[in-house]
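Subject: Structure handover

Hello,

Here is the structure we talked about. Please load it before reading on; my notes follow below.

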Amino acid sequence: MAPGPVDTGRWQGDEARAAVAKRMVTGRLTRPEEIAEAVLMLASERRSGNTTGATFTVDGGMTTTL
């Protein structure tokens, strides 16, 4: 799992949060619950048995803009 910026409440002010969120395709930081949902999906029977050695990026599309 490779999470991007997560809205944990530990950001130093709204300006810092807004500046990072502006760089994300979704326009917002990832919620902790979204990371948990991705981990649960990978650990569940819903995933493909052939999913091996992959990195799952959960970053609101931020890496697509780099």
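What percentage of the 66 residues of the chain count as buried? The figure is 20%. Keep in mind that this is a predicted model.

Overall layout

The chain has 2 helices and 2 strands. Read from the N terminus, the order is β-α-α-β. The radius of gyration is 14 Å, well over the 11 Å that the globule rule gives for 66 residues, so the chain is more spread out than a compact globule. Along the principal axes, the C-alpha atoms fill a box of roughly 45 × 25 × 15 Å. About 4900 Å² of the chain is exposed, and carbon and sulfur atoms supply 52% of that area. Now the contacts. Take those between residues at least 6 apart in sequence: 61% of them join residues at least 24 apart.

Thr30 and Val6

Start with Thr30. This residue sits in the loop between helix H1 (14-22) and helix H2 (32-43). Is Thr30 buried or exposed? Thr30 is buried, because its relative accessibility is 3% and the cut-off for buried is under 20%. Which residues does Thr30 touch, not counting those up to four places away in sequence? They are Pro5, Val6, Asp7, Met24, Ile35, Val58, Asp59 and Gly60.

Val6 is one of those partners. Val6 lies in the loop between strand S1 (2-3) and H1. With a relative accessible area of 18%, Val6 also falls under the 20% limit and is therefore buried. Leaving out residues up to four places away in sequence, Val6 touches Trp11, Leu29, Thr30, Arg31, Pro32 and Ile35. One distance to check: the C-alpha atoms of Val6 and Asp59 are separated by 8.1 Å. Those two residues are 53 apart along the chain.

Salt bridges

How many salt bridges does a search of the whole structure find? The search finds 5.

Two of the pairs involve Arg17. Arg17 forms a salt bridge with Asp7, with the closest N and O atoms 3.2 Å apart. This pair links distant parts of the chain: Arg17 is in helix H1, Asp7 is in the loop between S1 and H1, and they are 10 residues apart. Arg17 also meets Asp14 in a salt bridge, at 3.0 Å from N to O. Here both residues lie in helix H1, 3 residues apart, about one turn of the helix. Accessibility varies across the three residues. Arg17 is partly exposed, at 24% relative accessible area. Asp7 counts as partly exposed too, at 31%. Asp14 counts as exposed, at 61%.

Arg28, Arg31, Glu33 and Glu34 are linked in a network of salt bridges. Within this network, the side chains of Arg31 and Glu34 meet at 3.7 Å, N to O. Arg31 is partly exposed, with a relative accessible area of 40%. Glu34 belongs to helix H2. The Glu34 side chain also makes a polar contact with the side chain of Arg28, at 2.7 Å. Apart from neighbours within four places in sequence, Glu34 is in contact with Arg28 and Val58. Val58 appears among the contacts of Thr30 as well.

That is what I found.

Best wishes

Notes. Residues are numbered from 1 along each chain as its sequence is written. This is a predicted model: local features need pLDDT of at least 70, side-chain atom pairs count only at pLDDT 80 or more; totals for chains, interfaces and linings use all residues. Side-chain values use heavy atoms; hydrogens and water are left out. Helices (H or I, at least four residues) and strands (E, at least two) are DSSP runs, numbered from the N terminus. Buried means under 20% relative accessible area, exposed over 50%, partly exposed in between (1.4 Å probe, protein chains only). Contact means heavy atoms within 4.5 Å. A polar contact is a pair of N or O atoms within 3.5 Å; within protein, one must be able to donate a hydrogen and the other to accept it, and residues adjacent in sequence count only if both atoms are side-chain atoms. A salt bridge is a side-chain nitrogen of Lys or Arg within 4 Å of a carboxyl oxygen of Asp or Glu. The radius of gyration is taken over C-alpha atoms; the globule rule is 2.2 Å times the number of residues to the power 0.38. Accessible areas come from the Shrake-Rupley method with a 1.4 Å probe; for residues, only the protein chains shown count as cover.
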